[in-house]
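Thanks for coming. I have one structure for today, and I will go through it piece by piece.

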Amino acid sequence: MIENRKYIVIGVFCLVGLVYLSRLFYLQILDDSYSLESSSNSIKRVIEIPYRGQIYDRNGKFMVYNTPVYDLYVTPQKVQIPDTAAFCHLLSLERTEFDSIMAAAKAHSYRKPSLFLRQLSKEDFARIQDALVDYRGFEHVTSSMRTYPAHTMANALGYVSEVSRKQLDEQETPYYRQGDYIGRSGLEEQYESVLRGQRGIKFVMQNVHGVVKGSWKDGAFDSLAIAGKNLHTGIDVEIQQYADTLMQNKVGSVVAIEPATGQVLCMVSAPTYDPNALSSRFFSKSYSKLAKNPYKPLINRPVMASYRPGSTFKLIQALVALQDGAVSPGSIFSHTGSPMKCHCNRSGRLNLSGAVQYSCNPYFYHVFRRLLYNNAERNTFKASAMGLHHWHDKVAKFGIGSRLGIDLPSELRGSLPDADLYDKLYGEKHWKFSTVYSLSIGEGELLINPLKMANVAAIIANRGWYYTPHIVSGIGEPGKGIDPKYLEKHDVGIDPQHFEIVAEGMQGAVEHGTTTLAAVIPGITMCGKTGTSQNKKGKDHSIFVAFAPRENPKIAIAVFVENAGWGGIAAASVASLVIEKYIKRRVDNHALDKKVKEANYLPAITPPKKPAPKKFVEPPKDSTAKPMIVKTVPARPVAPAQPEIQSLASRPVTTNGN
C-alpha cells in the first residue's frame with residue numbers, strides 16, 4: 001500500500017516537471033514574443049509619432065495642417081568638423097549654442113544619436129543638405145510641425161510644445177516621453193487625445209554600441225502609427241480675418257455665434273499674434289517676447305477676461321421683469337427718486353421697449369426695485385434678500401455666473417452676486433435694495449466675459465433658448481463625433497412673446513437710439529444694445545451686443561473694446577461691419593471700414609524706469625560701523641488697463657454709458 005503511494009507521489013512530481021519543461025520549451029523555442037522580450041539588449045523599440053489631426057473651418061479651408069520638417073541628430077563619436085566657425089555659420093548658430101548642444105549630446109551618449117537641431121524647414125534643409133556631406137556624424141529624420149495658413153485665431157487654436165517634466169510625472173496612464181510634443185491652450189489642448197493619434201512601434205536590431213543594424217523579423221511585430229482625427233469647426237475664416245483687421249490697435253474681443261446651432265463663427269482676442277510664431281524651433285524666443293508684451297496677447301480674452309456688462313445687462317433685466325410680472329410692456333417710470341442720471345432726456349415718457357432703445361438708467365433702476373420687492377414680505381431687508389435670491393436664479397439660466405462649457409480650456413465663471421454674498425459683505429439683514437441698486441444697470445459685483453454676452457444675443461435671437469457655444473462641429477467628419485452636450489437645447493424660462501418687446505427696443509436702438517447712424521446696415525434689420533463698462537484705471541470699455549436679421553437670425557455678436565468709451569461708437573461700428581461682411585459677404589460702408597481700422601484705442605504704456613544706482617553713505621568719523629548701502633527703489637511702472645473687477649455696489653452710480 002505504501003509502495004503504491006510512493007509511486008503516485010513520484011508520478012505527480014514527474015508530471016509537474018514535464019509541464020514546466022514543456023512551458024519552458026514553448027516560451028524559449030516556439031514563442032517569438034518571449035524571444036522579443038528576452039532580447040532587449042539587441043532589439044530596440046522605436047516609437048513612431050503619428051501626424052496630428054488637421055483643423056478646418058466651416059467651408060473646408062485649412063486652419064491648421066502639418067508641414068514636413070527635418071530634425072538633425074548628432075552622434076558624437078562620429079563627429080568630424082573641419083571648421084567649427086563655418087559649421088555654425090551654416091546652421092545660423094552661435095558658438096556658445098553649438099558648444100552647449102554638443103556637451104548635452106555627449107552627456108546623453110557618446111555612441112548613440114541625440115537631437116541637435118529641431119524643425120528645420122524644407123528650405124533650410126535644402127540649403128545645408130549638400131554641405132552636411134563634409135561634416136560626418138550628422139543625420140536627419142523627417143518630422144512635422146503645425147502650420148497656420150490663415151495666420152489668425154491664435155488664442156483659440158492654441159499651440160503645441162515639448163511636454164514638461166511636471167506633465168510627465170503627473171500622467172495617469174503613461175504615454176508621453178521626454179521630447180514629445182503636447183497641445184497647449186486652445187483647441188490643441190482641449191482635443192489633445194483626439195488630435196495626437198496613436199503611436200506606432202517599430203522593432204530594430206542594434207549592436208552592443210546601440211548602432212541600428214536593420215529591422216527585426218522583417219517587421220512582423222511592428223505596428224503602424226495612426227494619424228490623429230481631423231477637427232471640423234464652425235469658424236468662418238474669412239470673417240475671422242476681417243474681424244482681426246478691425247481690432248488692430250485695440251484691446252478687446254469679438255465673438256460671433258450662429259444662433260440656430262451654437263457654433264462659433266469667429267472669436268477674436270485683441271491684440272493677437274501670428275500662431276506660426278509658436279510653431280518653429282524659435283518657440284522659446286517668440287513665447288518670451290509675447291509673455292513680456294504689456295498688452296498680454298497670450299490671454300484669450302473672449303473666455304478669460306471679465307468685465308461689468310454695463311447697459312447690455314438691461315436686456316436680461318427687462319426679460320426677467322416681464323416674465324416675473326414686475327412690469328408690463330407699457331410700464332412707464334418717472335426719473336424721480338433715482339440716483340442715476342439719464343442721457344435720453346425723455347423723463348416719464350418711455351415704455352419698456354423705449355427704455356431699451358434709449359438705455360434709460362432711471363427706468364431700469366425702478367425695474368430692478370420692482371423685481372426685488374415683488375413678494376409679500378414686509379420687512380425691507382428680508383424682502384430684498386428674497387427678491388435677490390429669486391432674481392439670481394432667473395438670471396443664472398442665461399449662463400451668467402457659471403461656465404457655459406465651450407470647448408476651450410480656461411473659461412472663467414464670472415460673477416453673479418447672490419444674497420449670501422451680501423450677507424458676508426454687510427451682514428445678514430444689514431443690506432437692502434439701496435445697497436445693491438448698481439446691479440440694475442450691469443455694474444456692481446457683476447462680471448461676465450464676451451462669450452457670455454454673445455450667447456445672450458443668441459438667446460434673444462432664438463426667442464428664449466440656446467445651444468452651448470462650441471467651436472468644433474465635427475470630429476473625423478463634418479457634423480459627427482462631437483460631445484452630445486453641444487446638441488442639447490437649453491431653455492431660459494422666458495416666454496417667447498417677451499422677447500419681441502426687447503427685440504423691438506434693440507432695433508430702435510440701432511436705427512434711432514443709442515448707436516451711431518453709421519452702424520445701420522442698408523437692407524439688414526439689426527437689433528443691438530450698447531453698453532459702457534465702468535473702468536477706474538482709464539477710459540470706460542465700449543460694449544455692443546446684437547443679432548441680425550431680426551427675423552430668422554443668422555448671426556449673434558458681442559464686441560468689447562477696452563478704453564474706447566461709449567458703446568455706440570467703437571464696439572457698435574465693429575459689430576455692424578462684421579455682421580454686414582458675414583451676411584452680404586462684402587462691406588459697402590467703406591468710410592466706416594476705414595475709420596474703424598484706423599482707430600487706435602491702445603492705452604499708453606509707461607516704460608519702466610531704470611533702477612537708481614546704489615549710493616554708499618560714509619559712516620561717521622571714529623566709528624567702527626561698516627559703510628551702509630542705500631538702495632533707491634524705482635517707481636512702479638503703470639500697467640496697461642485691464643478689465644475692472646472691483647465692486648461698485650457700495651458707492652452711488654451716477655453715470656452709465658449707453
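Which residues make the nonpolar surface patch of about 420 Å²? The residues are I8, V12, V16 and Y20. I8 belongs to helix α1, which covers residues 2-30. Why does I8 count as exposed? Its relative accessibility is 55%, and the cut-off for exposed is over 50%. One general remark fits here. An α-helix has 3.6 residues a turn, so residues three or four places apart point the same way.

Before going further: this is a predicted model, and every value I quote is computed from it.

Now the overall picture. The chain has 658 residues, and 49% of them are buried. Its secondary structure comes to 22 helices and 20 strands. The accessible surface is about 32100 Å², with 54% of that belonging to carbon and sulfur atoms. On contacts, take those between residues at least 6 apart in sequence: 72% of them join residues at least 24 apart.

Next, a sheet. It is open, it has five strands, and the order is β12-β11-β18-β17-β16 with antiparallel pairing. Which strands stand at the edges? They are β12 and β16, the latter being residues 527-533. Each has a single partner strand, so one side of each is left without a neighbour in the sheet. On average, neighbouring strands here are turned by 5 degrees against each other, direction ignored.

Let me take the pairs in turn. β11 and β12 run antiparallel and are joined by six bridges. One pair to look at is A256, whose bridge partner in β12 is C266. The two strands form a hairpin with six residues between them, and in that hairpin G262 takes a positive phi near 80 degrees.

β17 and β18 also pair in the antiparallel sense, over seven bridges. There, F544 stands opposite V559 in β18. As a general point, in a regular strand the side chains alternate between the two faces of the sheet.

Is β12 largely enclosed or left open? Seven of its seven residues are buried, so β12 is largely enclosed by the rest of the structure. That holds for a strand that stands at an edge of the sheet. As for what lies on the sheet, helix α19, residues 450-461, lies across β11, β12, β17 and β18. The helix runs at about 150 degrees to β18.

Now to the backbone, starting with cis peptide bonds. What follows β12 in this respect is the bond from A270 to P271, which is cis with omega near 0 degrees. P271 sits in the loop between β12, residues 264-270, and α11, residues 283-292. Another cis bond runs from A548 to P549, with omega near -15 degrees. P549 is in the loop between β17, residues 541-548, and β18, residues 555-561.

Then positive phi at residues other than glycine. N249 has a phi of about 60 degrees. Its place is the loop between α10, residues 237-246, and β11, residues 252-257. N249 is partly exposed, because its relative accessible area is 37%. S410 has a positive phi of about 70 degrees and is not a glycine either. S410 lies in the loop between α16, residues 380-396, and α17, residues 419-426. Its relative accessible area is 46%, so S410 is also partly exposed.

Two helices remain. How many of the eleven residues of α13 are buried? Nine are, and this helix, residues 314-324, is mostly covered. The buried ones are K314, L315, I316, Q317, A318, L319, V320, A321 and L322. Just after α13 comes G325, with a positive phi of about 80 degrees.

The other helix is α20, residues 496-511, which holds Q507. Is Q507 buried or exposed? The relative accessibility of Q507 is 17%, so it counts as buried; the cut-off is under 20%. Which residues is Q507 in contact with, leaving aside its neighbours within four places in sequence? The list is T525, M526, C527, G528 and R550. Of these, C527 is in the range given for β16, residues 527-533.

That is the end of the walk-through.

Terms used: Residues numbered from 1 in each chain as written. Heavy atoms only, no water. Patch = residues over 30% accessible without salt bridge, like charges linked within 9 Å, V, L, I, M, F, W, Y side chains within 5 Å. Areas by Shrake-Rupley, 256 points an atom, 1.4 Å probe, with all protein chains shown as cover. Salt bridge = Lys/Arg side-chain N within 4 Å of Asp/Glu carboxyl O. Helix = DSSP H or I, 4+ residues; strand = E, 2+ residues; numbered from the N terminus. Buried < 20%, exposed > 50% of the residue type's maximum accessible area, 1.4 Å probe, protein only. Contact = heavy atoms within 4.5 Å. Pairing = 2+ DSSP bridges. Axes fitted to C-alpha atoms, helices over the stretch in contact; angles between N-to-C directions.
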